Amino acid sequence: MTINRRNLLLSGAALTAGATIFNLASFNEALAQASGRLTVCLYPEPPSLMLGLTQTTPAQIVSGKIYQSLLTYDFDLSPRPGLAKEWSVSDDGLTYVFKLHENVKWHDGKPFTADDVIFSTQECLPAIHSRARANFAYVESATALDDHTVEYKLKRPFVAFLQIFEVAGAPILPAHIYKDTDYRTNPANEFPIGTGPFKLKEWRRGEYIHLVRNEDYYKEDLPLLNEIYFQIIPDSASRLVALQNGTVDVTGYDNIDYVFMPMLRQSDAFEITQKGYENAAPLATLEYNTRSGHLADRRFRQALLHAIDRDFIIENIWFGQAAPSTGPVASSTIYYKDTGPLYPFDQERAVELLEEMGLKPDANGVRATVKLLALPYGDMWTKLGEYVRQSLGQVGVDVQIENTDPGNWASRYSNWEFEMTLSFWYQYGHPALGLTRLYHSASINKGIYGSNTAGYSNPEVDRLFDEAIQEIDVEKRTQMYGQLQEILIEDLPNAPLFEIKYATIMRKGVNNVVTSAIGICEGFETASVD
Amino acid sequence: MVKTGLGRAIKILLVLLSVIVINFALVRFAPGDPVSVIAGEAGASDAAFIASLREEFQLDKPIPVQLAAYLASVVRGDLGYSYRQRRPVADLIWERMPATLLLTGSAFVLSLLVGSAFGTFAGLNRGGWGDNALLVVCLLGYALPAFWLGLVLVLIFSVWLQWLPAFGMQTLGYTGGWWAQAGDVLSHLILPCITLSAYYIALYTRVMRSSMADVQTADFIKTAYAKGLSRGRIIGVHMLRNAALPVVTLAGVQAGQLIGGSIVVETVFAWPGIGRLALDALLQREYMVLLGVFVVTSIMVIALNIISDIILAIVDPRIKRSAA
């Protein structure tokens, strides 16, 4: 090579670039060892961090550290102090008094008071948060007895009232920022102000969300972490790589494809827990449109469930991240009643029921044809749909799968444009919160997502829902919810397939990220990194 | 000249108008709407919630009215508002644009330079071992799907060798100086850039190879040799300039394709570009965001085609003379 100015400059540039690039490995390692930082895998990116406007799971994971509610919940769903340090309920179940912590400040330094709670639960959330609107509709009046005491008087008893104060269901918002404004367009939506242990520092769209420690947090010496990064990783294989090479410390829900779970379970580098999902308790369900053809007959609905081997699904499609379901209430939900195996896998029994209905096989062995609207939420759901088709085909029910995308699925589902579909629903800790909307006849509303889409109507079920929610006597209430479950199992408006068991995967050395029934959606105030 | 310029401007406006109207119709007539997606994300909804959202999103108005309102806003330079993300569409696009320009620009330059170099070598050495090896490389470049190639590169260079980061545009919390940060971004750019360029490197190699082979046998090249010019000068000054014409034409087309083709690469590598923004907007029925991306990318493609035409006229003076 000729030694001249041009060649020297080119060589220097190449050397600098190479040194910079390949120095990165050591820099990465240094950063990873920086104390007090946790990196959480996040996908998809939340549309907003204002929990009043959006309650997507990723938004809850991030904003659960920014906002708080009055309560939080232990793994058995018993309420624990949140912003409320103590509470009381009158004997008639109509008056609830919450005493709030007194030294709490918003992230902008303003004091948190009872007025914020009343504003949030009586004005702001009912206007923008559909679940909160339904829950707080039971409230007749909310009064600030003093700056740090809130009294709710209910129109009638609502026994699930103490279960509604988890951070995504009732985030407490700053009145001084939102009152008398357009809640949906308030500039604070882009930079949320909460009372939580962490504050938003930066959100680089498409890349990451960065939270930093709230130095004025009301609990002394907390939080333990200095900062949290939520790295947005859209590809599932990349998420696995990120976990394995230490780029992220924690993943939750189904961010890691379950096909990798057997491998991860065998690794010494990770701790895996199924705790922290007791409030959500998702139930995978084969949903029926009971208005449609043979699905109007419960024998047909029962036969279909008999024909599906759910143990096979749990083992081979969900790779052990699921548990058998016994009914429409998940085992971690309050008032769950174990009624034994739910329509055990028995294809002979399925055929008996179909024969009873007069459904004989034609020349091709087909007794009936049903359409299945596939759930477009990933590979596992696609495989589940294929397995359902295969299973039902074995008893002479020809299933035609209709594929679509999430927007179309939600629209068709809400407008009853399906015969069967697959879905999963959160229970929110209590049958009144999770089940009424799916099975009460008053909840049959075309075009409304999360309603009684099956079209199921049973006056006895309606009565039990209406009475149980007001029944102060615990024993009677428990009996009523037990009866409800038995009737819903008998009528089977929808077919519960299995309880989904999400997994939180943490690299060794990460502590206390799962401390409540909402798992990684919690505030992380005691989370730490060794 | 003025007439030509005016004619071209009218054509450009007509293309943009068609893009907006056709895509508006396609997106609006697709089943589902943003309200159903938001209701799904909320996990519950009621009639009041649905009605308030429809009113806010102006989905309660007739479609022609919605289209007219959108056209009027685009003329004013307003690409609309994302009701799901609660931000102007223009902001969402502009903040992602640098990432896309960096990725696609790098891939464009890389594929042009490497493809031209490979093609030149292969064209000058037709039938030799180097030419045959490059043909195999081209075949792989055409055949390998981008997402597969990307994942394999991650496996080799990030997981096994741990030389390069697996995804993202920068290291979280990086606090080095400007040059160090640039190096950090560059290290993240390498794998996605190679993945995105692979197909186009193969394409340019083949085109350049054929072109060089044709030019080599031209009379003016024989004349140049006869005049005693050096081989290096003949190749660099006479052959390349003529052989490059089809490559320049193709480059203008590629530039537009690159912007669309980056969706897969951006997803695999978690690169925060507008490709991913468009994909997310499609799945979430965010009409305004999707249309905004279409408008902006259409303008970019049109601009790149104009630039390509100008460069072609510079490289080949015959084009300017024939236009005159």
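## An open mixed sheet in chain A

Six strands of chain A assemble into an open sheet with mixed pairing, ordered β14-β18-β13-β17-β15-β16. The sheet ends at β14 (322-324) and β16 (397-402) of chain A, edge strands that each pair on one side only. From one strand to the next, the twist averages 30 degrees. The model described here is predicted.

Strands of a sheet pair through backbone hydrogen bonds, in either a parallel or an antiparallel sense. An antiparallel case within chain A is the pairing of strand β13 (residues 283-288) with strand β18 (residues 494-500), which extends over 5 bridges. At the level of single residues, E287(A) has N494(A) in β18(A) as its bridge partner.

## A helix across the sheet

Which strands of chain A does helix α12 lie across? Helix α12 (residues 379-393) of chain A lies across β13, β15 (368-373), β16 and β17 (420-425) of chain A. Relative to β16(A), helix α12 runs at about 160 degrees. The strand β16 of chain A is also one of the edge strands of the sheet.

## Chain B: composition and dimensions

Chain B contains 13 helices and 2 strands. The C-alpha trace of chain B spans about 85 × 60 × 40 Å along its principal axes.

## Chain B: burial and contacts

Of the 324 residues in chain B, 40% are buried. Contacts in chain B between residues at least 6 apart in sequence include 73% that join residues at least 24 apart.

Conventions: Residues numbered from 1 in each chain as written. Chains lettered and ligands numbered in written order. Predicted model: local features only at pLDDT ≥ 70, side-chain atom pairs only at ≥ 80, totals over all residues. Pairing = 2+ DSSP bridges. Helix = DSSP H or I, 4+ residues; strand = E, 2+ residues; numbered from the N terminus. Axes fitted to C-alpha atoms, helices over the stretch in contact; angles between N-to-C directions. Contact = placed C-beta atoms within 7 Å. Buried ≥ 20, exposed ≤ 12 C-beta atoms within 10 Å, placed from the backbone.
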